[in-house]
Amino acid sequence: MPKKILIKNALIVTMNPALDSFKGDILVSANRIEQIAEHIPANDNLVFNAEGYIVTPGLIQTHIHLCQTLFRNLADDLLLLDWLKEKIWPFEAAHQPDTLRLSAQLGLSELLKSGTTTILDMGTVHHQDVIFEELTKSGIRAFAGKTMMDYGKIPAGLNEKTHHSIDESVRLLKKWDNSANGRIRYAFAPRFAISCSDELLIETGRLAKEHNTLFHTHASENPGELELVKKRFGLRNIEVFDKLGFAKENLCLAHCIWLDENEKQLLKAQEIKVLHCPSSNLKLGSGIAAIPEYLKRGIHVSIGADGAPCNNNLDIFTEMRLAALIQKPANGPKAMPALDVFKLATINGAETLGLKDEVGSIEKGKKADLTFIKLNQVHSIPFDNVYSKLVYSTKADDVEHVMIDGQWIVRDKKVLTIDEKQIFANIEHAVKICTT
Ligand SMILES: [Zn+2]
């Protein structure tokens with residue numbers, strides 16, 4: 001039997017219901033947390049001395065596009081619909097399996113190194129098996145799915161026949177859902193209302209329910225997008241989803257900036273999940289989602305970096321800091337306190353994904369997904385409130401080790417599961433294939 005791992009002397013930020021933080025030990029047995037206490041005897045366990053580290057629950061990002069990491073710094077200063085039409089869709093359409101693989105590896109390296117242990121990813125239209133292969137190899141915990149697009153003005157390389165898009169999604173689900181010891185799950189991913197037919201949206205909603213998984217899409221990110229939705233349906237985004245029958249608790253909606261009162265009530269009543277992307281919303285000039293109001297209303301909110309070309313990083317610490325700061329000019333300095341923000345990246349993320357009993361906090365019986373952050377850095381000491389330190393002054397580079405499912409995935413800032421040298425060697429060629 002493999003030995004248990006005893007993590008000793010860490011400053012543990014549990015995010016349990018009592019929000020306990022204390023100096024203590026965590027015993028990891030196989031892929032779960034067996035015990036957490038101020039002192040656990042070493043016995044014959046493998047001891048990891050975590051003196052000088054904050055150990056937090058593995059951080060969770062609920063809106064990522066690994067397929068776009070290759071297009072980082074190649075699509076600045078555009079509004080959403082132009083950004084998609086002029087840059088992102090043609091780039092995605094040009095992906096070949098090898099370029100998509102590199103894009104995923106690059107994104108996963110950055111995510112893992114900066115302490116993200118679980119993601120909800122939206123793929124591109126083709127070659128989705130490649131993304132699943134890389135998710136599996138990397139050791140990350142993930143929900144992912146191919147993007148579905150069958151309606152409107154879309155480049156030929158991304159436009160699908162409705163039945164083909166659905167059949168391919170179901171094939172992928174059957175192959176990958178619940179694989180890698182349950183670490184990998186399938187999430188259906190129609191891109192957004194205006195690139196999907198009614199038939200595709202309705203059938204996807206039915207399938208996501210039938211297979212007990214997520215329906216992941218974008219909604220009300222930009223006024224131009226909202227106008228197109230209103231023109232086609234005579235309704236606003238969330239009302240369309242409600243009318244088509246899939247505005248349910250498994251519906252995960254990136255952005256949700258431009259909502260009216262009725263839509264906010266629908267989000268709350270039907271337990272729909274909002275995926276907040278502060279950097280992306282600022283960079284594309286989309287707007288600022290009313291997150292403090294949503295939280296006050298009891299709407300579920302979690303956080304994600306979106307894709308690299310609209311951010312241009314996948315760093316959760318930047319997202320957390322911005323999630324707090326962007327609310328303060330309009331709503332006052334007490335809007336979005338650090339603790340509320342840290343919840344978005346931990347326990348709220350777990351709840352969004354239906355993983356609340358598995359991850360999102362450090363508690364006995366949960367999966368051993370842990371992020372180790374250097375405690376004493378000149379840019380982040382001193383501190384009284386640990387959430388203030390984590391949200392406002394910690395940097396991605398302060399993450400030194402990451403454990404997922406009881407396995408070391410990052411040690412001493414090195415991702416053990418991905419060959420970075422190979423990424424550096426091949427990236428220029430891959431970018432050329434997709435962008436010229
Ligand atoms: Zn997105």
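Domain bounds here come from an automatic or database domain assignment. Keep that in mind as you load this predicted model and colour it by domain: domain 1 takes 5-57 + 361-415, and domain 2 takes 59-352. Measure between their C-alpha centres and you should get 28 Å.

**The whole thing first**

Before zooming in, turn on the cartoon. You'll be looking at 16 helices and 18 strands. The radius of gyration is 21 Å, close to the 22 Å that the globule rule gives for 436 residues, so the protein is as compact as a globular protein of that length. Along the principal axes, the C-alpha atoms fill a box of roughly 65 × 45 × 40 Å. Colour by burial next: 54% of the 436 residues come out as buried. If you like contact maps, 73% of the contacts between residues at least 6 apart in sequence join residues at least 24 apart.

**Stop 1: where the domains meet**

Now select the contact surface. On one side are 25 residues of domain 1, on the other 24 residues of domain 2. For the domain 1 side, show β5 (53-57), β15 (370-374), α15 (386-393), β16 (399-404) and β17 (407-411), the elements that each give two or more residues. Which element gives the most to this side? That's α15, with five residues. Colour the domain 1 side by residue type and you get 14 nonpolar, seven polar and four charged.

**Stop 2: the core**

Hide the surface and pick out the largest nonpolar core, which has 137 residues. Put I26, V55 and M320 in sticks, since these have the most contacts inside it. Helix α2 (residues 97-113) is the top contributor, with seven residues. Where does the core lie relative to the two domains? Both domain 1 and domain 2 give residues to it, so it lies between them.

Stay on M320 for a moment. Skip the neighbours within four places in sequence, and the residues in contact with M320 are I303, V341, F342, A345 and V391.

**Stop 3: helix α5 and its surroundings**

Jump to residues 198-210, which is helix α5. Its 13 residues reach 18 Å from first C-alpha to last, close to the 18 Å expected at 1.5 Å a residue. An α-helix has 3.6 residues a turn, so residues three or four places apart point the same way. With that in mind, show the buried residues of α5: L200, L201, E203, T204, G205 and A208. What do they pack against? Bring up β9 (147-148), α4, β10 (184-190) and β11 (214-219) and you have the answer. Just after the helix comes N212, with a positive phi near 55°.

Two of those partners have a residue to click on. In α4 (residues 162-176), select V170. Is V170 buried or partly exposed? It has 17 other C-beta atoms within 10 Å, so V170 is partly exposed. Draw a distance from V170 to L27 and the C-alpha atoms are separated by 39 Å, with the two positions 143 residues apart along the chain.

In strand β11, click T217. This one is buried, with 28 other C-beta atoms within 10 Å. Leave out residues up to four places away in sequence, and T217 touches A189, P190, R191, F192 and L253. Q270 is 53 residues from T217 in sequence, and their C-alpha atoms are 16 Å apart.

**Stop 4: backbone oddities**

Most residues other than glycine have a negative phi, and most peptide bonds are trans. Here are some exceptions to look up.

- N311 to N312: the peptide bond is cis, with omega near 10°. N312 is in the loop between β14 (300-303) and α11 (316-325).
- I381 to P382: another cis bond, with omega near -5°. Look for P382 in the loop between β15 and α15.
- N43: phi is positive, about 45°, though this is not a glycine. You'll find N43 in the loop between β3 (32-37) and β4 (46-49), and with 10 C-beta neighbours inside 10 Å it counts as exposed.
- N73: phi is near 65°, again positive in a residue other than glycine. N73 is in the loop between β6 (59-64) and α1 (80-93), and its 9 C-beta neighbours inside 10 Å make it exposed.

Note on methods. Residues numbered from 1 in each chain as written. Predicted model: local features only at pLDDT ≥ 70, side-chain atom pairs only at ≥ 80, totals over all residues. Core = buried A, V, L, I, M, F, W, Y, C linked by C-beta atoms within 7 Å. Buried ≥ 20, exposed ≤ 12 C-beta atoms within 10 Å, placed from the backbone. Helix = DSSP H or I, 4+ residues; strand = E, 2+ residues; numbered from the N terminus. Contact = placed C-beta atoms within 7 Å. Nonpolar A, V, L, I, M, F, W, Y, C, P; charged D, E, K, R; others polar. Rg over C-alpha atoms; globule rule 2.2 N^0.38 Å. Expected span 1.5 Å × (residues − 1).
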